[in-house]
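I opened the notebook today to look at two ligand sites and a few backbone oddities. Here is what I looked up, entry by entry.

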Amino acid sequence: MEGFSLPQDSLFLGFDCSTQSLKATVLDANLKIFATEVVHFDNELPHYKTKDGVIRDPLVNGRILSPALMWVEALDIILQKFKKSNLDFGKIIAVSGSAQQHGSVYWKRGSSNILSSLDSKKSLVDQLGDAFSIKETPIWMDCSTTEQCRAIEKAVGGALELSKLTGSCAHERYAGPQIRKLFETQPEVYAITERISLISSFMASLLIGGYACIDHTDGAGMNLMDIEFRVWSKIALEATALDLEKKLGNLAPAHAVAGFLSKYYVERYDFKKDCLVIQWSGDNPNSLAGLTLNTPGDLAISLGTSDTVFGIATDHKPSLEGHTFPNPVDTEDYMVMLVYKNGSLTREDIRNRSANRSWEVFNTYLQQTPPLNGGKIGFYYKEHEILPPLPIGEHRYVLENFEDDSLYGIKEHRVIEFDAPSEVRAIMEGQLLSMRAHAEKIGMPSPPRRIIATGGASANKCILNLMASIFGCNVYTVQRPDSASLGAALRAAHGWLCNKKGTFVPIKDMYMDKLEHTSLNCKLSAPAGDQELVAKYTLLMKRRTEIENDLVQKLGRI
Ligand code: ADP
Ligand code: XUL
C-alpha cells in the first residue's frame, strides 16, 4: 500500500458549489479534515437578491435561475476566509470540486481571454462581470423546458431511446433541453456564446484560467453524452441545437487533471505553482465518493435542498425514472440515482406551518405519533416535483378502517388537513416510503446492504430512526453532513495520485486499510428497524404507490 500514500504534510482542497452555499473542505494526507469554510449566498451576498440561493422568474412559471457572478464572488470570499484563518495555501497540491448538477453557464465570445489574463491585484468578480452571454444560469430546479424535452425525445426516437443513449430520458433541468430552449428563443444570444459549461466545469474554468472540460459523470446529466462511449452523441447534439459540439469542448474522466491552478491564485494566495486542478463533477457524484460507496447494495440518501438516493450498479438499465451516470471514481461501472425536488425546503415548510418553526417540536411530533400514522398518508409538493412528475400541491388521505397488517383492498378517502403531529409524520413517512419504492423499482436491493445518510437533514436523529424502520437496514452517517465537498477533496487526492502514477488507481486503494482513522469513516446512527414493522411498511408503501400512480394519472404531465 506504500505506493498509494499521499505526500506527508500535503493538503487537498475540495469545494461544493451547491444551491444555497459554497462550501469547502481541506483534507490532510491522512484524509482527515483539516479545515472547512462556507459562504451562504442569501446572507453573505444579499445584492444578488436570491432566496434559498435562487431567483424565481415572476413572469415565467418554473423558470428558476442563479446569477453566475454570485458563484464567482463566493469563490473570492471563501478564499479570503481561508486566508484570514491562515490556511497555508502552499501545502495544497490538488484542488477539485463539486457543484449542483445540470445548470448551464454561457460564456460570451472573447471570455477565454478574460480567463487567461486575470489580474491578481483585482477580485474575480471585478473582472468577470462581462464574461457571460446570459447572466443568470438556469439551475436544476428549473422546469420551464417541457416542450424542448418532448421535442428532443421525439427526435431521437422516444424517451426510453434517449435514456438508452444518454442514461436518462429528457428532464427539464438537464442542460440539453435548456440549451435547445436558448437556441430556439434567443438565437442571437446562442450565437455570441463561445462556450457552454456545466456549473462544475465553469468553476474549474475559474481555477485553471481557461475553459475546463466537462467530466464524464456530470456530462451524463445533460441528455447529450453517449453513455456507453463517453463522447458527445451526434444524434443528441442534432436533436438539441446547431453547431453545439464546438461550444461544449471536450469531455474528460472525473479523475483527470483539468490543468494547473492559474497564476492568479498563485500570486494572490500563495498557492504552489504546480498545484493541480482535478476535474470538477456534480454534487451527487462527489457525495458518492465522499461517502465511500463502493459495494453494490450500498445506498446513499442525501437530504439536502433536493433529496437524492443513489448507489452503484454494474450495468446501465435504461429507465424513465432514474438516472444513470458513469461512476465518478471507477472507470468500469455506473452510478444510479433518483432525485426529488421537494426535499429540505418542503420539510421546512411543514415544520414552519405545523411545528412552530422548530426542528425540536418537529421531532417531538415524530416521537409522539405511531409508526404508519394510523393510515394517514400525505403527498407534499411545494415545488413542481420530478419524482413523480406532479405539480405543486398537497394531497392527504386516510385509509379506512386502518389495521396496520391488512392493507390489501383498503379504501382511502381524501381529507383537507391532518392534526399537526400527524402532518409531520405524514411528510416524513411519505418521502421515505417514496424513496424506498422508487429505489426498488430501479433495481436496488430490498433491504439495502446499508444506508449512508448525508445532507443537512441527516443531522436529525429522529429522521434517521424512521429511515431505518422503513428501509429495514442500518443507517450510517459520516462525521460531517457536507459529503460533497469532502468527496471533492478526496477526489482531488485521487486525481493527484492517478496523475502521479500515470494511470487510473482504484480510489479504494487510497483509504482501504485505514478508513477508520480518516474523516471518511461512517458511524452507525440508527440500527435496522424491527422486521415485523418493516413488513408493515412494505404494505403501506405498496398502497401509497397505488395512490401516487392515480395522482400521476390525474395530474401528471403528459
Ligand atoms: P444543500 O443541498 O444546499 O447543500 P444542505 O445539505 O446543506 O443543502 O441542507 C440544508 C438543509 O438542511 C436546510 O434547508 C434545513 O432544512 C436542513 N436541516 C438542517 N438541520 C436540520 C434538522 N435538524 N432536521 C431537519 N433538517 C435540517
Ligand atoms: C440531481 C439534481 C440535484 C442537484 C442539486 O439530478 O438535480 O440533486 O444536483 O444540487
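Which strand does Arg195 lie in? I found Arg195 in strand S9, residues 193–198. Helices (H or I, at least four residues) and strands (E, at least two) are DSSP runs, numbered from the N terminus.

Before going on, I noted that this is a predicted model, where local features need pLDDT of at least 70, side-chain atom pairs count only at pLDDT 80 or more, and totals for chains, interfaces and linings use all residues. Residues are numbered from 1 along each chain as its sequence is written, chains are lettered from A and ligands numbered from 1 in the order in which they are written, and side-chain values use heavy atoms, with hydrogens and water left out.

**Entry: three places along the chain**

I asked whether Arg195 is buried or exposed. Arg195 counts as buried because its relative accessibility is 11%; buried means under 20% relative accessible area, exposed over 50%, and partly exposed in between (1.4 Å probe, protein chains only). I also checked Arg195 against Ser233, which is 38 residues away along the chain, and their C-alpha atoms are 18 Å apart.

Next I went to Lys246, which I found in helix H12, residues 245–248. Lys246 has 60% relative accessibility, so it counts as exposed. Its C-alpha atom is 8.3 Å from that of Glu194, with the two positions 52 residues apart along the chain counted as their separation.

Thr50 was my third stop, in the loop between helix H1 (41–44) and strand S4 (55–56). With 10% relative accessibility, Thr50 counts as buried. The C-alpha atoms of Thr50 and Ser66 are 7.5 Å apart, and the two residues are 16 apart along the chain.

**Entry: ligand 2**

Which residues are around ligand 2? I listed Gln100, Gln101, His102, Trp140, Arg173, Asp283, Asn284, Ser306, Thr308, Met337 and Val339; a residue is near a molecule if one of its heavy atoms lies within 4 Å of it. By class, I have 3 nonpolar, 6 polar and 2 charged residues in this shell. The classes put Ala, Val, Leu, Ile, Met, Phe, Trp, Tyr, Cys and Pro as nonpolar, Asp, Glu, Lys and Arg as charged, and the others, Gly among them, as polar.

I then looked at polar contacts, meaning pairs of N or O atoms within 3.5 Å. An N or O atom in the side chain of Asp283 is 2.3 Å from an oxygen atom of ligand 2. Gln101 uses a backbone N or O atom, 3.0 Å from an oxygen atom of the ligand. A polar side-chain atom of Asn284 is also 3.0 Å from an oxygen atom of ligand 2.

How much of ligand 2 does the protein bury? Alone, ligand 2 exposes 290 Å², and the protein buries 98% of that; the areas come from the Shrake-Rupley method with a 1.4 Å probe. Helix H14 (283–290) and strand S20 (334–340) are the elements that give two or more residues to the shell around ligand 2.

**Entry: ligand 1**

I repeated the search for ligand 1 and found Ser18, Gln20, Lys23, Gly304, Thr305, Ser344, Glu348, Trp359, Gly455, Gly456, Ala457 and Asn460 around it. This shell divides into 2 nonpolar, 8 polar and 2 charged residues.

Glu348 has a side-chain N or O atom 2.4 Å from an oxygen atom of ligand 1. A backbone N or O atom of Gly456 is 2.9 Å from an oxygen atom of the ligand. The Asn460 side chain places an N or O atom 3.1 Å from a nitrogen atom of ligand 1. On its own ligand 1 has 590 Å² of accessible area, and the protein covers 77% of it.

**Entry: backbone oddities**

Most residues other than glycine have a negative phi, and most peptide bonds are trans. I picked out Asn356, which is not a glycine but has a positive phi of about 60°. Asn356 is in the loop between helix H15 (344–354) and helix H16 (359–368), and it counts as exposed because its relative accessibility is 64%.Arg357, in the loop between H15 and H16, also has a positive phi of about 60°.

Where are the cis peptide bonds that I noted? One joins Leu387 and Pro388, with omega about 0°, and Pro388 lies in the loop between strand S21 (376–381) and strand S22 (393–399). Another joins Ser446 and Pro447, with omega about -5°, and Pro447 lies in the loop between helix H17 (420–441) and strand S24 (450–454).

Definitions and conventions: A polar contact is a pair of N or O atoms within 3.5 Å; within protein, one must be able to donate a hydrogen and the other to accept it, and residues adjacent in sequence count only if both atoms are side-chain atoms.
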